[in-house]
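Q: I'm new to this one and would like a close look at a single part. Start with one residue near the beginning of the chain, then work outward from there.

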Amino acid sequence: MNYLSAELISKSFNDRWLFKDLSLGISQGEKLAFVGNNGVGKSTLLKILTGEMAPDSGTVVIREGIRLGYLTQQPVVDEKLMVKDILFNESNEVAKAVKEYEDCIHHPDVGHERMQVALEKMEELNAWDYDAKVQEVTSRLGVPDMDKKFGELSGGQKKRIFLAQLLLNEPDLIIMDEPTNHLDLSAIEWLENYLAGPQVTLIMVTHDRYFLDAVATEIIELDRQQLFRYKGNYAYFLEKKADREEILKAEVTKARNLLKKELEWMRRQPKARGTKAKYRVEAFYELKEKASQDLRKDRLELDIKEARQGGKILEVNHLAKAFNGLPMVDNFSYVFKKHDRIGVVGNNGVGKSTFLNLITKRLKPDSGEVLPGVTTKFGYFTQDSMNLNPGNRVIEEVKNIAEFITLSDGSQVSASKFLDNFLFPPEKQYTYVEKLSGGEKKRLQLLKMLVTNPNFLILDEPTNDFDIDTLNVLEDFLEKFTGCLLLVSHDRYFMDHLVHQLFVFEGNGKIKFFNGNYTDYREEFDEREQEKEPVVEKVSVSSVPEKRKASYKEKQEYETLQAEIALLEKQKSELEKKLSSGITDHQILLELGKEIELINNSLDSKTMRWLELSEKIDADR
């Protein structure tokens, strides 16, 4: 079943065509991923497909009855709204009932009557499955407190809320722009599995290469105002793209050679076109158009001279930092060595950025010391653009650091030439920083960091807003970089290719050292989890292992079950009174009996679960 069709759509900006006469469609169960350089129009194409932006020409048709969900890079909503108001659509009765139930659960001071009404509504709408999905989606994506105001949240938190909202609305067709930005690694892996399901139909733009491999059934490249489709994974796409570009290069070269001959023929013939072979004249102009294609591609050039690195790099001794009593880093020590290439992993909010700010002395520790070597020169790439002055022109940002930049071979280039290497051509260099796109600001941040000739690079989420080609150039540069590298990234492909060890943030300030890259760590972690799974076997009483302690969620479930069981007992008692009140209508008696049977079944399952949880909780006391 075809869900969406786009026919001959075109779009231009500032007299420049982004794309012309593009056509595509998507059917149920297909998962399309758009790739291409920054600025080729990927996000614009998504906006046209969703109806947010009109094309200059062409049509987009969505099949009648198909519900569409769209995740943008910069969602907009009233800053005063609470998280729960955004997550739950008031027009959806089930979502409305779940919102009220969640509100009661998260506020212990709620009256018994309100809780009872909420539980009755949940039973009436059979909303428990939806509530379970709410719990899974919000916990897996790390959605913050339901009662927080939207305006109080970080950019990453806002993105996760809208992602959760989209998944909870369960649209038939999902359209996403960079869905993995601002998610931690565990959330990305969960989303990957969710979207790879057979029932999900998806169009997305992403630069996450592992995500592409795991989710997409077809990769579509937007290049030179055209679409090129590849049915296969990312490796297949790279192979076929290289083949296509070689064929194009050969065709253009052939056309240019042939054009010289045809040009001579055009000049030799009479000026009156009617006397020339019409078909040959038309073929000449087609050939001229093909031969005039510019095969050059703007490519980022990363080249700097590294500052000399001495014997002592950086020592961290018994470092500790907490916020509001919550440990971010607890008694951490490490001596950095030459050529260390370390990845930093862990869930959002466990202290990764705090750790980076501590070792670069942007933040003062509660205890411990950070001792950099005399020759150690940090280059710190952060997630925000606070080190950019929006009122400056691009070239002023660089000239404030240096007029000339020394490259790896010892030669020097002007600030303007260095900017040109970073894909800021002369006409762009006098643009104000505030008018740059997100990707351009990131590129300027990277440039400013490299201009200082660091020998210890600290990169905090450098992959956001960069296209795949730019990431490949950055990877090549970092692979050749001989200094120390400390990398925080949710891009597993990027991490696997660059780091040899990990600092694993486990929460409560605990940081574990792991020897290997991220994939090595996940494989070992999965093996440990499998070993923890219970094995059913006969054991003597003396060898019974200690029971697992109840988790926080299980304790919450225990409290909720008590309220639900009490409500069911009350409902059962009322029905039994009606049953023995002298009613003689056979149909009413039958319905009452069925209701009591359903309540008894629910009571049995909930009581068994309550007993199971009570054993764990009692064992903790």
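A: Let's start with Phe13, which counts as partly exposed because its relative accessible area is 36%. This is a predicted model, so everything here describes a prediction. Phe13 sits in strand β1, which covers residues 2–13. Who does Phe13 touch, leaving aside residues up to four places away in sequence? Its partners are Leu18, Thr44 and Met53. There's also a distance to look at: Phe13 and Gly41 are 28 residues apart along the chain, and their C-alpha atoms are separated by 9.9 Å.

One of those partners, Thr44, takes us to helix α1, where Thr44 is among the buried residues. How many of the nine residues in α1 are buried? Seven of them are, so this helix, residues 42–50, is mostly covered. Besides Thr44, the buried ones are Lys42, Leu45, Leu46, Ile48, Leu49 and Thr50. Right after α1 comes Gly51, with a positive phi near 90 degrees.

Now jump along the chain to helix α11, another mostly covered one, with six of its eight residues buried. Those six are Lys352, Thr354, Phe355, Leu356, Leu358 and Ile359. Just after α11, Lys361 takes a positive phi of about 65 degrees. What makes that worth a second look? Most residues other than glycine have a negative phi. Lys361 has its positive phi although it is not a glycine. You'll find Lys361 in the loop between α11 and β13, and it counts as exposed because its relative accessibility is 54%.

Asn508 is another residue to check: it isn't a glycine either, yet it has a positive phi of about 55 degrees. Look for Asn508 in the loop between β19 (501–507) and β20 (510–515). With a relative accessible area of 52%, Asn508 is exposed.

Next, the charged pairs. The side chains of Lys321 and Asp366 form a salt bridge, at 3.4 Å from N to O. This pair links distant parts of the chain, 45 residues apart: Lys321 is in strand β10 (residues 314–323), while Asp366 is in the loop between α11 (352–359) and β13 (367–372). Is each partner buried or partly exposed? Lys321 counts as buried because its relative accessibility is 13%, whereas Asp366 is partly exposed because its relative accessible area is 49%.

Lys337 and Asp340 also meet in a salt bridge, 3.8 Å from N to O. Here the lysine is partly exposed, with Lys337 at 42% relative accessibility. Asp340 is buried, with a relative accessible area of 4%.

For a pair within one helix, try Glu124 and Lys121, whose closest N and O atoms are 3.7 Å apart in a salt bridge. Both lie in helix α4 (residues 112–125), three residues apart, which is about one turn of the helix. Glu124 is exposed at 58% relative accessible area, and Lys121 is partly exposed at 32%.

Some salt bridges join up: Glu189, Arg522 and Asp526 are linked in a network. The count of salt bridges comes to 21.

While you're at that end of the chain, look at helix α17, residues 518–532, which holds Asp520. Asp520 is partly exposed because its relative accessible area is 35%. What does Asp520 gather with on the surface? Asp520 joins Glu523, Glu527 and Glu531 in a patch of negative charge.

Finally, step back to the whole chain. It has 19 helices and 20 strands, and 45% of its 621 residues count as buried. Take the contacts between residues at least 6 apart in sequence: 67% of them join residues at least 24 apart. As for the outside, the accessible surface comes to about 32900 Å², with 49% of that belonging to carbon and sulfur atoms.

Methods
Residues are numbered from 1 along each chain as its sequence is written. This is a predicted model: local features need pLDDT of at least 70, side-chain atom pairs count only at pLDDT 80 or more; totals for chains, interfaces and linings use all residues. Side-chain values use heavy atoms; hydrogens and water are left out. Patches are made of residues with over 30% relative accessible area and no salt bridge: like charges are joined within 9 Å, nonpolar side chains (Val, Leu, Ile, Met, Phe, Trp, Tyr) within 5 Å. Accessible areas come from the Shrake-Rupley method with a 1.4 Å probe; for residues, only the protein chains shown count as cover. A salt bridge is a side-chain nitrogen of Lys or Arg within 4 Å of a carboxyl oxygen of Asp or Glu. Lys and Arg count as positive and Asp and Glu as negative; His and the chain ends are not counted. The place of a charge is taken as NZ of Lys, CZ of Arg, CG of Asp or CD of Glu. Helices (H or I, at least four residues) and strands (E, at least two) are DSSP runs, numbered from the N terminus. Buried means under 20% relative accessible area, exposed over 50%, partly exposed in between (1.4 Å probe, protein chains only). Contact means heavy atoms within 4.5 Å.
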